[in-house]
Every structure is written in C-alpha cells, then in structure tokens.
Amino acid sequence: MSLGILVGSILLIASALAAIMSGVAYLARRRQRPVPGSMETAAAGTLILSSLRLALAGGFLGAVPPVILSWSTVAAYLAAAWFALTVVDFLYIGEYLIEHKGRDIPDVVRTLLIYVGLAVAGLIVLRVAMNINVVALVAVPTVATAVIGVALKDTLARFFAGLRLGKMLKTGDWVATLNHEGVVTDIAMQHVTLLTREQDLVILPNDSVIQAGLVNYSRPTRVHVCAIDVETHYRTPPLQVCAVLEQSGASVEGVLGDPAPTAYVVSFNESGVLYRLRFSIADYGRRPAIESVVRAYVWNALLRSKIEIPLPQRVVHTVTGAPVPAEGTTLQQLAARLGAVDLFSVLTQAQLEDLASGGSLREYLPGEPVVRQGEAGEELFVILNGTAEVRIRQDALASTVATLEPGQFFGEMSLLTGAPRTATVIAKTILRVLAVGKDALARLLEEDGKLLELISGVVAKRQTETATAREQLTRESAATAVSKQHESLIDRIQAYLWGDRKG
C-alpha cells in the first residue's frame with residue numbers, strides 16, 4: 001500500500017465520520033440538547049484505530065506479528081460498531097421513538113441495548129477476524145457459571161432494579177426516597193443520583209430504592225398540591241376567613257389559577273379555628289419558596305382584614321411605651337395627603353384631620369387586588385407609598401390602562417354614590433394606602449351641610465372635564481353639563497349617605 005492510498009483512506013474515513021457528526025450536531029441543536037459524549041469518543045476511537053490498522057497492514061510501522069494485526073482489526077471494528085450503535089441510539093431511539101413518537105424509553109434501557117449490541121458485534125468480529133469459536137467462549141463450564149452468578153448477585157439485582165426504575169423515573173424528576181429529597185440527575189445500571197436542595201449529590205443503590213419505595217413529585221404531571229395551616233380567632237366567620245385565604249393564595253406568583261386555591265376548616269382548637277389553604281404549583285423545586293410567600297401574603301391579608309391570629313393562651317405579653325407610628329402615618333401627615341386630593345381640597349385642616357382619623361391604613365403585597373371591577377364598594381383609597389396598576393376587563397380581554405403613584409387616589413365614585421368599581425386596581429409593588437369609608441365622610445358632611453355642595457361641585461367639574469376632553473364639547477355645552485351634573489350628584493350622594501335614615 002502506498003502512502004497516498006493510506007492518506008486517502010484515512011481522509012475518507014474522517015470525512016464520513018465528520019459528515020455523520022455534523023448531521024447529529026444539527027439535530028441536537030434543533031432539539032436544544034448536547035451531542036452525546038460517548039458518540040464523540042467512539043468517533044475519535046474509530047478514526048484512530050482504523051488509521052492504526054491501515055498503517056500496520058501497509059507496513060508503515062514495520063513488520064508486526066499476525067496476531068497484533070488481527071487484534072488491531074478487532075479493535076478497529078469494535079470501535080466502528082460502538083460508533084454505529086451510538087448513532088442508531090441517537091437517531092432511532094432518541095430522535096424517532098422518543099421525540100417524534102413520544103415513547104417512554106429509560107436511559108438505562110438505551111445503555112443496555114448499546115452494551116448488548118457491542119457484545120454481539122464483538123462475537124461476530126472475533127469469529128470473522130480471529131477465527132475464534134465463539135460457541136466455546138459462550139459455553140462456560142457450569143461450575144464457573146454458578147460461581148460468577150453468586151459473585152454478581154448484588155450487581156445483577158441492582159441492574160434489574162435499574163431497569164424498573166427507568167420506567168418510573170426520568171432525569172429532572174423531583175423524588176423522595178430513603179430519607180432524601182432531590183432532583184434526579186442520573187439513572188445508571190447500579191445507582192440513582194439525586195441533587196438535593198442543599199446542592200449535595202446523593203448516590204443511592206437501585207435495589208435499595210426499589211425496596212424502600214419512592215415518591216415521584218413530577219409524575220403523572222408536574223402539578224403538585226401544597227397546603228399550609230392557619231389558625232384565626234373565633235370571632236371571625238369561617239366563610240369570611242376562607243375567602244381571604246383563597247384570595248391571598250391566588251395573588252402569589254407561581255401559584256396556579258387552575259385549579260384555584262381552596263380553603264376549608266380543619267378543626268376547632270382551644271385558641272382558635274384551624275384552616276387549611278390548598279394551592280397548586282407547577283415547579284416542585286420552588287415549593288419551599290412559594291409556600292413561604294403564600295404565608296407572608298396570608299399574614300398580610302389577615303392583618304389588613306382585621307382577622308386576628310390568636311396567640312397561645314398561656315403567654316403573657318407586656319407592652320412598655322407608646323408605639324412609634326410608621327413614617328408618613330401621623331394624623332397631620334395623613335391629613336396633608338388628603339388635602340392634596342382635589343376632592344377634599346375644600347376641607348379645613350381640622351376637617352381633614354377628622355376625616356383621616358376615621359380612615360384605615362392598609363398594606364398590599366405585589367399582585368394583590370385592592371378593588372375588583374364590578375364589585376360594590378364604599379371606600380376611597382389614597383396611595384401613601386408604592387405603585388398600583390389600573391386594569392379594565394371587557395369580555396374576555398383585560399388591559400392595563402394606567403399606573404398610579406404616591407399621592408394619587410381612586411374609588412371616589414364608590415365612596416360618594418356606592419357605584420360598582422369600574423376597574424380593577426392591583427398592587428404593583430408593596431402598596432400602602434389610606435382607605436376613607438362612607439361612615440367617616442357621612443359624619444363630616446352631616447356636621448357641615450355646605451361641604452356636600454362643594455365636594456359634589458369638585459367631582460362634577462372633574463367628570464365634565466374628562467367628558468369634555470373625550471367628546472370635545474364647546475364651552476357653552478360644558479358649562480351646562482357642569483350644572484346638570486352638579487345637581488344630579490347632590491341627589492345621588494344624599495340618597496346614598498342618608499337614604500337609609502330618611503326611610
């Protein structure tokens with residue numbers, strides 16, 4: 001064999017291997033997965049051993065014994081068989097059966113098929129290249145077979161257990177077994193490897209996992225139902241508490257809307273009523289974090305709704321000194337915030353402080369709704385800190401139409417007339433608001449009858465200016481509209497605030 005033929009043969013083999021690897025790499029990129037490392041190793045081994053076999057056969061490395069040439073042939077063919085088996089595994093089993101047909105074939109079974117194929121190829125090569133009687137190799141004496149079987153008893157048990165586990169698990173599943181919880185990173189012939197929440201690798205024998213049993217949190221679907229327990233005081237009706245708990249759970253990012261969170265009474269205890277809130281998540285790996293956020297939202301919602309979480313009855317709490325008010329929450333500061341609202345710009349300082357003292361401070365966490373479109377309401381909200389989004393739903397579509405900043409307010413028509421909410425307002429950040437209710441405003445207007453006309457005039461002017469901007473009314477029609485709107489608002493406010501008394 002000439003040097004040119006040797007080089008050409010090696011280049012031909014390298015070109016064929018490169019073409020196959022290029023096709024595999026293209027499919028791997030399309031599926032967003034890496035090229036198997038075993039395939040790259042097999043390709044490199046095939047090229048090296050084939051080149052060595054050609055060099056030995058051509059006499060470029062000197063005279064070599066026939067047995068060395070025969071074994072180099074066996075090695076080259078086995079490397080080529082290994083490469084061919086990995087390509088078939090990738091294309092047929094991985095690409096066609098699993099990706100295209102959706103079959104569930106465990107990795108351990110795919111590895112077993114490659115090993116069996118390699119063993120069969122080895123027997124064929126030994127028979128063809130070395131003229132060895134493979135039947136004699138397979139027919140091992142009975143005593144030796146028994147000895148090997150006993151020695152490999154544990155290995156075989158773990159191997160067959162691995163086959164069973166391959167049908168129950170997939171890489172990436174969250175499982176709990178043998179007092180360990182983690183995500184499956186590898187399912188081998190002998191063991192399963194888990195990565196725990198503490199980022200530790202745990203290797204567990206397959207047979208021990210099968211005997212102990214396991215819980216797979218990722219099968220049959222990745223939806224997992226979580227539950228937290230909350231205890232509240234007896235003075236609050238259970239249905240009201242359940243509604244607050246369900247709304248809190250639905251506001252947390254990571255909690256699924258379908259199925260919706262549900263709350264129910266568990267038991268009546270010594271210190272209060274025990275409730276359980278159940279909600280679904282799709283990422284079990286985030287379970288502790290999501291449960292923590294749900295508990296924080298529940299605590300905040302119960303505090304805002306004045307629903308008490310009872311303390312243990314045997315604990316005595318002693319409070320010394322006066323509580324320090326939060327920044328921006330003194331009566332004078334709240335009155336100043338109300339005075340900046342054009343609706344209350346006609347009030348005196350004393351009246352503003354009186355109105356502020358009748359309001360309530362509330363805090364909403366991101367994602368929590370303050371008011372919902374279509375619901376009845378009788379409060380106005382002034383934003384103290386944070387931002388909120390105004391969303392309007394029409395039919396099945398919803399859109400964000402505005403973002404409210406500190407100092408802005410919403411809900412004035414519900415406060416004055418009891419009209420249903422025209423939009424949904426949701427906290428975008430941690431949101432602190434001052435809520436002014438119907439009773440506080442009614443008491444103030446009852447003490448000073450002139451305020452009704454002044455406030456209704458401000459609201460009428462504000463509404464008409466909005467209508468003017470939208471419909472481009474003339475100055476004359478706008479003035480007429482202000483007068484009519486003013487009279488109509490006085491009648492609606494009187495009917496709402498004191499209608500029940502007159503009746």
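# Contacts, helices, strands and ring pairs in a predicted model

User: Leaving aside its neighbours within four places in sequence, which residues is valine 346 in contact with?

Analyst: The model is a predicted one. With neighbours within four places in sequence left aside, the contacts of valine 346 are Gln351, Leu451, Leu454, Ile455 and Val458.

User: Where in the chain does valine 346 lie, and is the residue buried, partly exposed or exposed?

Analyst: Valine 346 lies in the loop between α11 (331-339) and α12 (349-357). Buried would need under 20% relative accessible area and exposed over 50%. The relative accessible area of valine 346 is 29%, so the residue is partly exposed.

User: How many Å apart in space are valine 346 and valine 458, C-alpha to C-alpha?

Analyst: In sequence, 112 residues separate valine 346 from valine 458. Val458 is one of the contacts of valine 346. From C-alpha to C-alpha, the two valines are apart by 8.7 Å.

User: How many helices and strands does the chain have?

Analyst: Of the 503 residues in the chain, 37% are buried. Among contacts with a separation of 6 or more, residues 24 or more positions apart account for 70%. The secondary structure comprises 16 helices and 16 strands.

User: Which helices do the buried residues of α1 pack against?

Analyst: Helix α1 covers residues 3-30. Its buried residues include Leu6, Leu17, Met21 and Val24. An α-helix has 3.6 residues a turn, so residues three or four places apart point the same way. The buried residues of α1 pack against α2 (37-57) and α3.

User: What span in Å should the 28 residues of helix α1 have, and how far apart are its end C-alpha atoms?

Analyst: The expected span is 1.5 Å times one less than the number of residues. For the 28 residues of α1 this gives 40 Å, which agrees with the distance between the end C-alpha atoms, 41 Å.

User: Where does α3 bend, and by about how many degrees?

Analyst: Helix α3 (residues 66-100) has 35 residues and should span 51 Å at 1.5 Å a residue. Its end C-alpha atoms are 48 Å apart, which agrees with that span. The bend in α3 is at glycine 94, by about 30 degrees.

User: Which residues of strand β4 are on its covered face?

Analyst: In a regular strand the side chains alternate between the two faces of the sheet. Strand β4 (residues 201-205) has Leu201, Ile203 and Pro205 on its uncovered face. The covered face holds Val202 and Leu204.

User: Which residue in the hairpin of β3 and β4 takes a positive phi?

Analyst: Strand β3 (residues 191-196) runs antiparallel to β4, and five bridges join the two. Leucine 195 stands opposite leucine 201 in β4. Four residues lie between the strands of this hairpin, and the one with a positive phi, near 65 degrees, is glutamine 199.

User: Which strands stand at the edges of the open sheet of β9, β16, β11 and β14?

Analyst: The four strands have the order β9-β16-β11-β14, with antiparallel pairing. Each edge strand has a single partner, so one side of each is left without a neighbour in the sheet; these strands are β9 (360-364) and β14 (409-410).

User: What is the bridge partner of valine 382 in β14?

Analyst: Strand β11 (residues 379-385) is joined to β14 by two bridges, and the two strands run antiparallel. In β14, valine 382 has as its bridge partner phenylalanine 409.

User: Why is the pair of tyrosine 217 and tyrosine 284 counted as stacked, tilted or edge-to-face, and which residue joins them in a cluster?

Analyst: The structure holds four aromatic pairs. In the pair of tyrosine 217 and tyrosine 284, the ring centres are 4.0 Å apart and the planes are at 10 degrees, so the pair is stacked. Tyrosine 217 lies in the loop between β5 (215-216) and β6 (224-232) and tyrosine 284 in the loop between β8 (273-281) and α10 (287-304), so the pair ties together parts that are 67 residues apart in sequence. Ring pairs also link Tyr217 and Tyr284 into a cluster with Trp174.

User: Is tyrosine 284 buried or exposed?

Analyst: Its partner tyrosine 217 counts as buried at 18% relative accessibility. Tyrosine 284 has a relative accessible area of 5%, and under 20% counts as buried. Tyrosine 284 is therefore buried.

Terms used:
Residues are numbered from 1 along each chain as its sequence is written. This is a predicted model: local features need pLDDT of at least 70, side-chain atom pairs count only at pLDDT 80 or more; totals for chains, interfaces and linings use all residues. Side-chain values use heavy atoms; hydrogens and water are left out. Two strands pair if DSSP finds at least two bridges between them. Buried means under 20% relative accessible area, exposed over 50%, partly exposed in between (1.4 Å probe, protein chains only). Contact means heavy atoms within 4.5 Å. The bend at a residue is the angle between axes fitted to the seven residues ending there and the seven starting there. Rings of Phe, Tyr and Trp (its six-membered ring) pair if their centres lie within 6.5 Å; planes under 30 degrees apart count as stacked, over 60 as edge-to-face and the rest as tilted.
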